[in-house]
Amino acid sequence: LTLEERLSSYIVEGTKEGLVPDLDEALTKYAPLDIINGPLMAGMDEVGRLFNNNELIVAEVLQSAEAMKAAVSHLEPYMEKSESSVKGKIMLATVKGDVHDIGKNLVEIILTNNGYKIINLGIKVPPDQLIEAYRKEKPDAIGLSGLLVKSAQQMVTTAQDLKSAGVEVPILVGGAALSRKFTKTRIAPEYDGLVLYAKDAMDGLDLANRIMN
Ligand code: B1M
């Protein structure tokens, strides 16, 4: 197997044996984020495909998630960091009912490395908890992540609840459950502030930079 194929296969197989030396070799050729968005994401997409076809069980997908998390944390120290002072405070959460957090945590890393202070509320965060944390932390924006189809609807509910609570800061939304169109036609009309869709973590950073500067 080529290096790139091996990197994908650690994720598909859900194994960490040999992962670190291969990541170190990859770092001599590619930027850390390109390794994540390239071979590692390709592996995760394959996991999603196999799972969808009932060729993997949840326990195996969890192992894949562990391998992905280990890879991201090994790459994290090599990512570019800006030396700038804090540009803003952003609160992140995976919405109620959804446990997927690899994407959200990647967004946290990218934003932190680029001058944002992040309050990460974790997974399965119900609107009440988000509102309470908002009042305590007073972030400049709220980022919501969701990967399940039902999470898209949960984002609509969350936006409604935030609006009822008088929250108006920009909301960034992302995750496989969403699309730009759904964000514009279904979530934004339910909220008083800006609602922006980020297709990936770098897009999330671009949007954050646009709304905070
Ligand atoms: Co689940 N899962 N899963 N899963 N899982 C999906 C999402 C699924 C598409 C797989 C499939 O069937 N093909 C499917 C959803 C189907 C649907 O609703 N249409 C699914 C399912 C069904 C389930 C369960 C219901 C399975 C079960 O129990 N029967 C269950 C749900 C539990 C729950 O949430 N209540 C479940 C559980 C799990 C595991 C726990 C085993 C594990 C998650 C572990 C973890 O996150 N800690 C898992 C995994 C790993 C996946 C897949 C394979 C990979 C997700 C991932 O981590 N991708 C996924 C299939 C797939 O996506 N191909 C799948 C890598 C990550 C870096 O990408 O999260 O997309 P992603 O994030 C990207 C962008 O989306 C974006 O930027 C990131 C980086 O570029 N982004 C944002 C994300 N959030 C953002 C927020 C932003 C901005 C950008 O601003 C705030």
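**Exercise 1. Determine which residue of β3 stands opposite Ala-93, and how β1 pairs with its neighbours.**

Solution. Ala-93 has Leu-144 of β3 opposite it. This is a predicted model, in which local features need pLDDT of at least 70 and side-chain atom pairs count only at pLDDT 80 or more, while totals for chains, interfaces and linings use all residues. Residues are numbered from 1 along each chain as its sequence is written, and side-chain values use heavy atoms, without hydrogens and water.

Strand β3 (residues 141-145) and β1 pair in the parallel sense over five bridges; pairing requires at least two DSSP bridges between two strands. Strands are DSSP runs (E, at least two residues) and helices likewise (H or I, at least four), numbered from the N terminus. With β2 (residues 116-120), β1 also pairs in the parallel sense over five bridges. Here Lys-89 stands opposite Lys-117. From β1 the chain passes through α5 to β2 in a right-handed β-α-β crossover (clockwise from the first strand over the helix to the second, with the strands pointing away from the viewer).

**Exercise 2. Establish whether the faces of β1 are buried or exposed.**

Solution. In β1 (residues 88-94), seven of seven residues are buried, meaning under 20% relative accessible area with a 1.4 Å probe, protein chains only. One side carries Gly-88, Ile-90, Leu-92 and Thr-94, the other Lys-89, Met-91 and Ala-93.

**Exercise 3. Describe how the axes of α4 and α5 cross.**

Solution. The axes of α4 (residues 58-75) and α5 (residues 102-113) come within 11 Å and cross at roughly 5°. The helices are therefore roughly parallel (angles under 35 degrees).

Definitions and conventions: Axes fitted to C-alpha atoms, helices over the stretch in contact; angles between N-to-C directions. Parallel < 35°, antiparallel > 145°, perpendicular 65-115°, else oblique. Buried < 20%, exposed > 50% of the residue type's maximum accessible area, 1.4 Å probe, protein only.
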